[in-house]
Every structure is written in C-alpha cells, then in structure tokens.
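The following exercises are to be worked with the sequence and the coordinates at hand. Each task is followed by a solution in steps.

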Amino acid sequence: MQNSTSGTWVPDENQFYDISGVKLSTPVSFVFTGRKIDHQSKLLLAGSCFAENIGHWLQNLGFDAEVNPAGIAYNPISIAKHIEMALSPGSAEVDDLVETDFGFAHLDFHSDLSAISKPALISKLGRAMAQYAKNLLGADTIIFTFGTAIIFESVKTGRVVNNCHKLPDIHFSKRQLNEDEMALAFNVALEMIFSKNPNAEVCFTVSPVRHLRHGAIENQRSKARLIRLCEMLCESDKRCHYIPIYEYVMDELRDYRYYRHDDLIHLNEGGLEMVQQQFEQHYLEPTNARMLERIKRWQHLKSHRVMHPGSDSAKAFEEKLRKETAELGLLFPKLIGRTR
C-alpha cells in the first residue's frame, strides 16, 4: 500500500501474504563417494566439541565410536600435533606443562586432561595418547572436525597452543593460520595415519559453531580458511572426503529457532536433530535402517516414565523393556553399558 502523502510504501496489516510453495531455505547438496558407516564400522571422531555432538549421537545408536580420546581441540595444527604425539610416543613438549588454579595442565591439551601434579599429568597424557594411537590404527573411518583457524601462540616458545588454561594474556599472541601451513601440518599427520592404517578413510567437517568472541569478520575468515583447507586435503588423497555440515547449517538452518536461546551460537536439540537426519541419510548404510529404528524405539521406551508402578500395565512394560535391553545388550554391549 502506498502512503498518499509521502509516496512511500507501507505494509497493509489487513493484507494476507500467501507463502505456500515459497522456498524458505537454499538446499545444500550432500555428495559422498566414501565408505558408508554400519554397525561393523570402527569409528573415531576428533576435534572440536561438535565432533562430540555427532560422536555421542552415534554411540547412542549402537555404533562403535571413540570420541576425542586426546581431548577437545579446535584448530588443525593442534589436532595434527595430537596425531603426531600418539603415533610418535615421546614427542610431547615437557616445557609446555603449566601450573594453573586447578593443578597442572599441558598447553597442547584441553583442561579435561589436567591433573593435581606433574607426574600424574604426564601419566594421564601417556594413557590418553596410547588410547588415541590404538583408535587411529584400528578405525575404519576417522572424522576430524575443525573449529577455528584462529590460534594462540606461546610467547615463550613460539608454538601453537591448544588451550590457554586461563593464563594471563601476556603469555600468548593471537593470529590466523593460513591454509598452506595448516595443510602442511595435516598432510604430515595423514601420512602417519595412512602409513600404519592404509585402509582407513578420513572425513573432514567444519564446525558450524561460530567463534564470535573474536568478532563476526574474523570468524568468517577463519571458517573460509578451514573450508579451503578441507578442499586441499581432499584433493591430495582420494581416501579423504568432505562433509558439508557447516554449509548445511549456514544455508538450510539459518533460522535462530535452531539455536540455543542462551547464546544463539550453538545448535539446540532441534538443530542437532536436523544435522543428524542429514548424516543418517547420506553417511549411514541404508541396510542398518531397521536396527536403527529398533534402537530408537528402545531409547524411547527407556526414557518413558511409569505412572503407576506395580500395576499390571507397568509390570508388562518393565518386562518388555528388560527383554529388549537384554537382546540389544548381546548385540551392542557398549550401548547398554553407557546408558546404565
């Protein structure tokens, strides 16, 4: 409607706008030529916290998936360094051990791998690296999730750190990694993996979680460099594949209803479920569909709250759940163990 006095257009509150049939998102194409995942696959997921979102979901569906045995890492240099440490024991830098408010930690590792003393920390890191090496060498499919190309370097050593452990800013300098230095470091890590596990396939994803504490512009530059890095790595070896999770979230889920209301950065349950549906449709073996549905029904049964304990219906329900749990336990003992 046009305002007769000003000549400008103003919306008519009484006008109904029919948006049926209108596209409300731009679809992202998932093209995958790698090995599909089934319940016989041995999986390893490593990298940012988004790797944990996908990894724990796969675990809850009965898949043999290990998640971040070396702890959370966001930048490709630190992830590559974890691989080198795992497959070349003794390569950890001892001068990167620091004392913090909660004990001792290592600048190359997340605070989850901290300890109350230096000997305890060294022992803990040794066990983590041994487990990581076992997973790298035994996995059929390895999924690395890159979170950011923005890194901090130790002023003392000049080395990239994985975690600053809340130490004063004066100990670190910040910068953006470039594609070439990331590709160089990660290609070395891939060569180490493939030389010892030549049948493994590697998938790369870029986390859709935005690192806005560095600013929107810096975040976009960071994600663009990570996407280019994935392209470079996939071009260098046909055993490497790219999963466009970042593009899917940015284009098809560009609505804040899919995000947690407390920060508008992390996906909420609805957003994660949409990503999971895409992952299931494109990367999981279709022949697993019936078993997946069975596990999902069991998960639903397990979360059901019995309204009248002791009643005949409650006893029948509990027997049904017990029987299904026992049968699934024979097939997937890890699944039952995690949910107790």
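**Exercise 1. Pairing in the three-stranded sheet**

Determine in which sense strand 6 and strand 8 pair, and over how many bridges.

Solution. Step 1: in this predicted model, strand 6 covers residues 150-154. Its pairing with strand 8 is antiparallel and extends over 5 bridges. Step 2: a residue-level check of the register is given by I151, which faces R175 of strand 8. Step 3: the pair is then placed in its sheet, an open one of 3 strands, ordered 7-6-8 and paired in the antiparallel sense. Step 4: the edge positions belong to strand 7 (160-161) and strand 8 (172-176); each has a single partner strand, so one side of each lacks a neighbour in the sheet.

**Exercise 2. A hairpin**

Identify how many residues lie between strand 3 and strand 4 in the hairpin that they form.

Solution. Step 1: strand 3 comprises residues 97-100 and strand 4 residues 103-106. Step 2: the two strands run antiparallel and are joined by 4 bridges. Step 3: within this pairing, E99 is located opposite F104 of strand 4. Step 4: the hairpin has 2 residues between its strands.

**Exercise 3. The environment of S222**

Decide whether S222 is buried or exposed, and list the residues that it touches beyond four places in sequence.

Solution. Step 1: S222 belongs to helix 5, which spans residues 216-236. Step 2: the relative accessibility of S222 is 1%; because the limit for a buried residue is under 20%, S222 is classed as buried. Step 3: leaving aside residues up to four places away in sequence, the contacts of S222 are T148, A149, I150 and Q176. Step 4: two of these can be assigned to the sheet of Exercise 1, since I150 falls in strand 6 (residues 150-154) and Q176 in strand 8 (172-176).

**Exercise 4. The environment of I245**

Establish whether I245 is buried or exposed, and how far I245 and T145 are apart in space.

Solution. Step 1: I245 is part of helix 6, residues 245-252. Step 2: with a relative accessibility of 2%, I245 counts as buried. Step 3: 100 residues of sequence separate I245 from T145, while their C-alpha atoms are 9.8 Å apart. Step 4: with residues up to four places away in sequence set aside, I245 is in contact with F30, F50, T205, P208 and V275. Step 5: one of these, F30, also belongs to an aromatic cluster with F32, W57, Y248, F279 and Y283.

**Exercise 5. Aromatic pairs of F144**

Classify the pairs that F144 forms with F186 and with F204 as stacked or edge-to-face.

Solution. Step 1: the structure contains 11 aromatic pairs. Step 2: F144 and F186 have ring centres 5.2 Å apart and planes at 80 degrees, an edge-to-face pair. This pair connects strand 5 (residues 141-146), which holds F144, with helix 4 (residues 179-196), which holds F186, across 42 residues. Both F144 and F186 are buried. Step 3: for F144 and F204 the centres are 6.2 Å apart and the planes 25 degrees, a stacked pair. Here strand 5 is linked to strand 9 (residues 201-206), F144 and F204 being 60 residues apart. F204 is buried, as is F144.

**Exercise 6. Charges over rings**

State which rings lie beneath R239 and K302.

Solution. Step 1: R239 places its charged end over the ring of F194, 3.8 Å from the ring centre. Step 2: K302 is positioned over the face of W298, 5.3 Å from the centre of the ring.

Methods. Residues are numbered from 1 along each chain as its sequence is written. This is a predicted model: local features need pLDDT of at least 70, side-chain atom pairs count only at pLDDT 80 or more; totals for chains, interfaces and linings use all residues. Side-chain values use heavy atoms; hydrogens and water are left out. Buried means under 20% relative accessible area, exposed over 50%, partly exposed in between (1.4 Å probe, protein chains only). Contact means heavy atoms within 4.5 Å. Two strands pair if DSSP finds at least two bridges between them. Rings of Phe, Tyr and Trp (its six-membered ring) pair if their centres lie within 6.5 Å; planes under 30 degrees apart count as stacked, over 60 as edge-to-face and the rest as tilted. A charge sits over a ring if NZ of Lys or CZ of Arg is within 6 Å of the ring centre and within 35 degrees of the ring normal.
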